[in-house]
Amino acid sequence: MRAVVQRVVSSNVKVDGETTGEIDKGLLVLLGVGEDDTPKDTAYMVDKIVNLRIFEDEDEKMNLSLKDVGGELLVVSQFTLYGDCKKGRRPGFSDAARPDKADEYYIDFVNKARELGVKTETGKFQTHMMVELINDGPVTLLVDSKKNF
């Protein structure tokens, strides 16, 4: 499982002009599911992202987590995080999970975050989405459950 995690002042996602998810201070998570992912990958990613210490404390050090600051999550499914650009000019997506598996793991990620008490909003799986954000910092991190980066 892979994620692009962006610390935001606010973010929203729209489908066909209608807002499906919107947050204030928190994290925008673009989430990709890999074909070889298991439930352990989901558990790892939720724990890692919710507890990443990337919010500033009173000394302006990144020392606080999303839970510490009462932040919110906006989770947007993005299979293109598994795009392989090593050969040619057109990315290949053979490492991305099939849609049925990806949707199941995406929903599981969202539910696990909510179970931790984090307000979690979403995009709409397998649709064309428009994502807006105001990145805070900017702070943008890559997280991979296989620890490839």
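This is a walk through one predicted model, from its nonpolar interior to its charged pairs.

Let us begin with the core. In soluble globular proteins, nonpolar side chains tend to be buried together. Here the largest nonpolar core has 28 residues. Which of its residues have the most contacts inside it? They are Leu-27, Val-29, Leu-31, Ile-49, Leu-73 and Phe-109. Six elements, namely E1, E3, H1, E6, H3 and E8, each give this core at least two residues. The largest share, six residues, comes from H3.

Val-29 is a good place to look at this packing in detail. Setting aside its neighbours within four places in sequence, Val-29 is in contact with Ala-3, Val-4 and Val-5, with Ile-49, with Leu-73, Leu-74, Val-75 and Val-76, and with Phe-109. A second, separate core has 10 residues, among them Val-8, Val-13, Leu-30 and Val-76.

Next, turn to helix H1. This helix has 13 residues and spans 18 Å from its first C-alpha to its last, close to the 18 Å expected at 1.5 Å a residue. Its buried residues are Asp-41, Thr-42, Met-45, Val-46, Ile-49 and Val-50. How are they arranged around the axis? They cover an arc of only 140 degrees, so they sit on the same side of H1. What do these buried residues pack against? Their partners are E1, E3, helix H2 (66-69), E6, H3 and E8.

One residue of H1, Met-45, leads us on to strand E1, since Met-45 is among the contacts of Arg-2. Arg-2 lies in E1, which runs over residues 2-15. Its contacts beyond the neighbours within four places in sequence also include Leu-30, Leu-31 and Gly-32, then Leu-81 and Tyr-82, and further along the chain Val-143, Asp-144, Asn-148 and Phe-149. With one of these, Asp-144, Arg-2 makes a polar contact between side chains at 3.0 Å.

Now for the charged pairs. Side chains of opposite charge can pair when their charged atoms come close. In this model the count comes to eight salt bridges, and three of them are worth visiting in turn.

Start with Arg-98 and Glu-35, whose closest N and O atoms are 2.3 Å apart. Arg-98 lies in the loop between strand E6 (72-77) and helix H3 (99-115), while Glu-35 lies in the loop between strand E3 (26-32) and helix H1 (39-51), so the salt bridge ties together parts that are 63 residues apart in sequence. Arg-98 is partly exposed, at a relative accessible area of 41%, and Glu-35 is also partly exposed, at 30%. These two residues belong to a network of salt bridges that links Glu-35, Arg-98 and Asp-100.

The pair Lys-112 and Asp-108 offers a local counterpart, with a salt bridge of 3.3 Å from N to O. Why are they separated by about one helical turn? Because Lys-112 and Asp-108 are four residues apart in helix H3. Lys-112 is partly exposed, with a relative accessible area of 25%, and Asp-108 is partly exposed with 25% as well.

The third stop is the salt bridge between Lys-146 and Asp-37, where N and O are 3.3 Å apart. This pair links distant parts of the chain, with Lys-146 in the segment after strand E8 (130-144) and Asp-37 in the loop between E3 and H1, 109 residues apart. Is each partner buried or exposed? Lys-146 counts as partly exposed at 35% relative accessibility, whereas Asp-37 counts as buried at 3%.

Asp-37 deserves a closer look before we finish. Besides Lys-146, its contacts outside the neighbours within four places in sequence are Met-1, Gly-32, Tyr-82, Lys-101, Tyr-105 and Ser-145. The C-alpha atoms of Asp-37 and Tyr-105 are separated by 8.7 Å, though the two residues are 68 apart along the chain. Which backbone nitrogens does the side chain of Asp-37 reach at 2.7 Å? One is the backbone nitrogen of Met-1, and another is that of Gly-34. The side chain of this buried loop residue thus takes part in a salt bridge with Lys-146 and also reaches the backbone of Met-1 and of Gly-34.

Notes: Residues are numbered from 1 along each chain as its sequence is written. This is a predicted model: local features need pLDDT of at least 70, side-chain atom pairs count only at pLDDT 80 or more; totals for chains, interfaces and linings use all residues. Side-chain values use heavy atoms; hydrogens and water are left out. A salt bridge is a side-chain nitrogen of Lys or Arg within 4 Å of a carboxyl oxygen of Asp or Glu. Buried means under 20% relative accessible area, exposed over 50%, partly exposed in between (1.4 Å probe, protein chains only). A polar contact is a pair of N or O atoms within 3.5 Å; within protein, one must be able to donate a hydrogen and the other to accept it, and residues adjacent in sequence count only if both atoms are side-chain atoms. Contact means heavy atoms within 4.5 Å. The expected span of a helix is 1.5 Å times one less than its number of residues. The arc is that of the directions from the helix axis to the C-beta atoms. A nonpolar core is a set of buried Ala, Val, Leu, Ile, Met, Phe, Trp, Tyr and Cys residues joined through side-chain atoms within 4.5 Å.
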